[in-house]
Amino acid sequence: MRSLISIEELSRDEIDSLIATANDIIENPKKYGELCRGKKLATLFYEPSTRTRLSFEAAMYELGGNVLGFSEAQSSSAAKGESVADTARTVSCYADIIAMRHPKEGAPYVASQHASVPVINAGDGGHNHPTQTLADLCTISREMGRMSDLTIGCCGDLKFGRTVHSLIAAMSRYENVKFVLISPEELRVPSYVRHGILESGGIPYVETRDIREVMGELDILYMTRVQRERFFSEEEYLRLKDSYILTKDKLSGAKDSLCIMHPLPRVNEISVEIDDDPRACYFKQVLYGKYMRMALILMLLGVDA
Ligand code: CP
């Protein structure tokens with residue numbers, strides 16, 4: 001039995017195979033409509049979510065299965081002090097697979113050690129969010145038509161943004177990928193990503209504070225929210241916050257083929273005037289996330305199409 005806690009647990013071949021399954025689901029949805037008949041997915045969400053929880057649930061319904069779970073810790077026995085380990089053991093009696101989001105890093109891993117069914121990490125603190133990365137990879141594959149020969153700009157909060165760390169880890173496995181890391185000094189990519197993934201893997205990257213100076217080079221622009229609460233100085237936040245709000249003006253000079261991504265939710269870091277731009281891919285990302293979760297559920301349950 002296999003769980004998924006971190007994107008690094010999937011080989012490149014497995015990721016490519018999940019993308020191929022997602023593409024096949026998009027082309028032939030009827031083929032998949034009964035594959036999980038009689039199976040149940042439990043969504044254990046100790047933190048707020050719109051996309052991840054609902055897309056997991058939609059994924060299981062579209063595979064013919066059923067869903068149970070909770071969307072906040074307060075409505076579960078966690079509010080009475082039950083441990084994640086005991087909850088995982090308990091839910092294993094009711095469900096065939098678990099998707100868990102938790103504010104504490106490592107909680108889904110603990111659950112996977114005590115559950116007798118596969119556990120999928122649906123986001124744990126600032127640590128990992130592997131199914132968001134699967135959605136991102138599917139988006140890159142479908143929208144760019146390739147996974148190699150890409151210059152990927154990551155912009156905003158690169159320090160705490162778990163989706164950026166996982167994206168860098170996953171895309172570093174493909175050929176001729178270069179990263180442009182755009183952030184204020186306070187929110188640079190942490191050294192374990194810079195040294196542990198980029199430098200140790202010989203992956204080219206540059207760091208800059210100025211999105212305009214690099215816009216024309218990018219094939220992909222992955223936006224994230226600059227979080228006020230992360231700054232030590234309010235003055236510094238106010239000075240920098242607007243530099244990372246994507247507007248039409250900042251897109252001048254960008255490639256026509258640019259793919260603009262964002263894991264969402266968005267607050268104000270992409271102006272709504274961009275939403276109608278054909279290069280805006282963030283709502284496609286939401287949709288592809290459902291298909292990748294369908295593919296992942298099938299893989300972890302060992303169901304062949
Ligand atoms: N991208 C993402 O994880 O969104 P939610 O927090 O709405 O699930």
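Trainee: What is the distance from an oxygen atom of the ligand to an N or O atom in the side chain of T52?

Mentor: A polar contact is a pair of N or O atoms within 3.5 Å. For T52, the distance is 2.6 Å. Remember that this is a predicted model, where local features need pLDDT of at least 70, side-chain atom pairs count only at pLDDT 80 or more, and totals for chains, interfaces and linings use all residues. Residues are numbered from 1 along each chain as its sequence is written, and side-chain values use heavy atoms, without hydrogens or water.

Trainee: Which other residues have N or O atoms paired with the ligand?

Mentor: Look at H129: a side-chain N or O atom there is 2.8 Å from a ligand oxygen. L264 uses its backbone instead, with an N or O atom 2.9 Å from a ligand nitrogen. The protein covers 91% of the ligand's own 250 Å² of accessible area (Shrake-Rupley method, 1.4 Å probe).

Trainee: Which residues are around the ligand?

Mentor: Look for a heavy atom within 4 Å. Here the residues are S49, T50, R51, T52, R101, H129, Q132, P263 and L264. This shell has five polar, two charged and two nonpolar residues.

Trainee: How many disulfides does the structure hold?

Mentor: Zero. A disulfide needs two cysteine sulfur atoms within 2.5 Å. The sulfur of C36 is 18 Å from its closest cysteine sulfur, in C138, so a bond is ruled out. C281 is in no disulfide either, with the sulfur of C259 nearest at 3.5 Å.

Trainee: Is C36 buried or exposed?

Mentor: Buried, at 0% relative accessibility. The cut-off is under 20%; exposed means over 50%. C281 is also buried, at 2%.

Methods:
A polar contact is a pair of N or O atoms within 3.5 Å; within protein, one must be able to donate a hydrogen and the other to accept it, and residues adjacent in sequence count only if both atoms are side-chain atoms. Ala, Val, Leu, Ile, Met, Phe, Trp, Tyr, Cys and Pro count as nonpolar, Asp, Glu, Lys and Arg as charged, and the others, Gly among them, as polar. Buried means under 20% relative accessible area, exposed over 50%, partly exposed in between (1.4 Å probe, protein chains only).
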